[in-house]
Each structure stands twice: as C-alpha cells, then as structure tokens.
Amino acid sequence: MTIETLGVVGAGTMGNGIAQIAAVSGLKVVLVDVTDAALPKGVTAMTASLERLVAKDKLDATTRDAALRIETSTDYQRLAVADLVVEAATENLDLKIRILKQIESVVRPDAIIASNTSSISITALGATLADPSRFIGMHFFNPVPLLPLVEIIRGLQTSAATAKIVRELTVRLDKSPIGVKNSPGFVVNRILVPMINEAFFLLAEGVATAEEIDEEMRLGAYHPIGPLALANLIGLDVLLSVTDVFLRDFGDSIKPHRNASEP
Ligand SMILES: NC(=O)c1ccc[n+]([C@@H]2O[C@H](COP(=O)([O-])OP(=O)(O)OC[C@H]3O[C@@H](n4cnc5c(N)ncnc54)[C@H](O)[C@@H]3O)[C@@H](O)[C@H]2O)c1
C-alpha cells in the first residue's frame with residue numbers, strides 16, 4: 001500500500017508540523033482536533049512556518065499554496081479517507097487510548113495507525129486496539145519541518161508490513177527513519193529528558209542562572225541550544241509527562257522536578 005492520504009489527530013506543535021511536511025510532500029492531509037480553536041491556531045503556525053521557508057528560498061510559492069489546502073475538522077469521521085493516521089494529541093495514556101480507539105472505529109480495516117507519543121509504550125497502546133498489527137510508533141522531533149529524525153517503534157504485535165510502509169513514508173517525507181525497540185522514551189528522549197530534568201534541579205538549587213546553564217551546555221558540551229531553552233521549545237507539560245513515564249517504568253532512578261521552588 002502507498003500512503004496518499006494522511007490523517008493527523010492533534011493540531012498542536014507536533015500535529016501541525018507533521019501535517020505541514022506531509023502536505024509539502026504532496027500528500028492529501030486531514031487534520032483533526034477536539035477543539036475548534038486549536039485548528040486555526042495550528043494552520044496559523046503552519047502558514048508562518050511555510051512563509052519562513054519561502055523567505056529563505058527553501059520552498060517555492062506554488063508548493064506553499066498547495067500545502068495550505070489541507071482539510072481541517074473536529075469530526076473524526078473525516079479520517080475515513082486516510083491510508084494512515086498519525087495521533088499527535090496530548091501526552092496522556094488514557095486520552096491516547098480513547099483517541100486511538102476512536103480512530104480505529106472510523107478508518108478502513110487496512111489503514112495504518114501511528115502514534116507520535118514521546119514515551120508511552122507502543123505495545124501497551126497497540127494492545128488496546130482490535131488490530132495491533134497495523135499500529136506503530138512514528139516519533140517525529142520538534143520542530144518537525146527542520147529535524148530529520150523519525151524514530152520508528154514496533155510494538156510486540158506490529159507487523160513487518162506495517163513497519164515497511166511507515167519506513168517508506170518517512171523517506172518520502174524527506175526524513176531519516178531509525179527503527180528502535182519499544183522502551184520508555186525510546187532512544188532520544190531516554191537520553192535527552194533526564195539531562196533537561198537535571199538542568200531543572202540545578203536551577204532550583206541556585207547552582208547557576210538559567211542563562212548560565214544554557215550557555216554552559218552550548219560552550220562546554222557544544223549543544224546548539226541549552227537544556228532550559230530546549231525545555232521551553234518542547235513544552236514543560238510534555239516533559240513532565242515523559243518524566244512521569246520514566247518514574248513509573250524505571251522506579252526511582254529518575255525523579256521528575258515538579259516545582260522550581262521546592263528542589
Ligand atoms: N512538543 C514536542 O517537542 C514533542 C516532540 C515529539 C513528540 N511529542 C509528542 O507529540 C504529542 C503532541 O505533543 P504537542 O507538543 O504537539 O502537544 P500540544 O499540546 O501542542 O498539542 C496537542 C493537541 O492535541 C489536541 N487534543 C487533545 N485531546 C484531543 C482529542 N481527544 N482529539 C483530538 N485532538 C486532541 C489538543 O487540542 C492540542 O491541539 C504528544 O504525545 C507529545 O509527547 C512532542
């Protein structure tokens with residue numbers, strides 16, 4: 001199966017980025033969110049991102065205009081036409097289970113369902129579906145139009161055919177797929193999030209200012225962006241959810257920093 005129509009659920013930071021790169025690659029895109037307000041907000045972010053690419057001569061105006069013709073809706077039924085649906089809604093296990101079941105109830109029986117979860121077990125999410133063989137992790141990075149990596153995570157029951165189709169789609173989206181085993185936070189976040197969490201503790205303990213912590217990691221570890229600036233880019237809610245998954249799945253080897261005034 002070739003993916004021609006992509007459904008995206010969640011029009012936030014990641015969802016509108018995924019919708020954007022798919023539309024730029026020539027796919028038909030249906031973007032669904034639960035609130036009316038989230039959809040224009042997502043399209044505005046997408047428009048601004050496309051304009052920046054045009055201004056930098058990285059995209060032509062015709063492709064920009066074509067990309068902006070994505071369909072947006074609050075009605076899950078609109079996903080019935082999708083060959084593949086990427087779930088990119090809020091990082092919460094119960095919510096994702098509800099959304100994935102809702103997606104499965106409207107898509108064709110051969111359509112693939114992927115989750116962009118940052119940390120939740122793909123096997124556990126897949127186990128809640130009638131057909132887990134068509135479910136997979138497709139983990140994009142923020143900002144989606146700029147970062148090349150997509151982690152492809154097979155759950156225990158994901159079929160080889162599903163993984164192959166998703167890998168091919170990733171290449172078509174001009175991204176670099178890397179297959180990783182299902183494990184909390186997969187690879188990048190397992191390394192990145194504990195580092196950011198440690199920066200929160202350093203800030204709360206008054207070891208250095210936020211600016212100094214970021215500058216130290218740029219100058220001393222050669223990171224392009226400091227951990228606290230990166231935390232703001234990712235979103236503190238997303239980071240806390242990921243750290244809570246680590247706390248639950250790895251025991252107390254990582255303790256989430258919840259309040260900067262209470263180290
Ligand atoms: N922010 C990052 O840097 C980043 C990177 C990689 C992966 N992720 C993952 O991507 C997912 C989305 O993160 P985000 O940063 O885009 O979050 P976000 O808060 O920007 O967007 C989430 C969107 O989901 C929508 N939503 C909530 N419930 C819904 C429902 N029932 N149906 C449809 N839409 C619903 C919200 O209205 C919102 O627009 C999370 O699983 C997150 O862990 C985030």
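These legends accompany close-up views of a predicted model. Local features are taken at pLDDT of at least 70 and side-chain atom pairs at pLDDT 80 or more, while totals for chains, interfaces and linings use all residues. Numbering starts from 1 along each chain as its sequence is written, and side-chain values use heavy atoms, leaving out hydrogens and water.

**View 1. Strand 2 pairs with strand 1 and with strand 3**. Strands here are DSSP runs of E with at least two residues, helices are runs of H or I with at least four, and both are numbered from the N terminus. Two strands pair if DSSP finds at least two bridges between them. Strand 1 (residues 5-9) runs parallel to strand 2 over five bridges, and V8 has L31 as its bridge partner in strand 2. Strand 3 (residues 71-73) also pairs with strand 2 in the parallel sense, over three bridges; here V32 is matched with S73. Four of the five residues in strand 2 (28-32) are buried, meaning under 20% relative accessible area, whereas exposed means over 50% and partly exposed lies in between (1.4 Å probe, protein chains only).

**View 2. L6 sits in the largest nonpolar core**. Such a core is a set of buried Ala, Val, Leu, Ile, Met, Phe, Trp, Tyr and Cys residues joined through side-chain atoms within 4.5 Å. This one has 36 residues, and L6, I18, L84, M138, F140 and L169 have the most contacts inside it. Helix 1 gives the most to this core, with six residues. Beyond its neighbours within four places in sequence, L6 is in contact (heavy atoms within 4.5 Å) with residues including I18, A22, V30, L84 and L169.

**View 3. The ligand and its surroundings**. Look around the ligand and you will find 25 residues, the closest being D33, Y76, E91, K96 and S118; each counted residue has a heavy atom within 4 Å. A polar side-chain atom of D33 lies 2.7 Å from a ligand oxygen atom. From the backbone, an N or O atom of A89 lies 3.2 Å from an oxygen atom of the ligand, and one of V34 lies 3.4 Å from a ligand nitrogen atom.

**View 4. Backbone details in two loops**. Most residues other than glycine have a negative phi, and most peptide bonds are trans. N142 and P143 are joined by a cis peptide bond, with omega about 0 degrees; P143 belongs to the loop between strand 6 (135-140) and strand 7 (149-154). D174, not a glycine, has a positive phi of about 65 degrees and lies in the loop between helix 6 (160-172) and strand 8 (176-181). D174 is exposed, at 68% relative accessible area.

Terms used: Polar contact = N/O pair within 3.5 Å; in protein donor to acceptor, adjacent residues only side chain to side chain.
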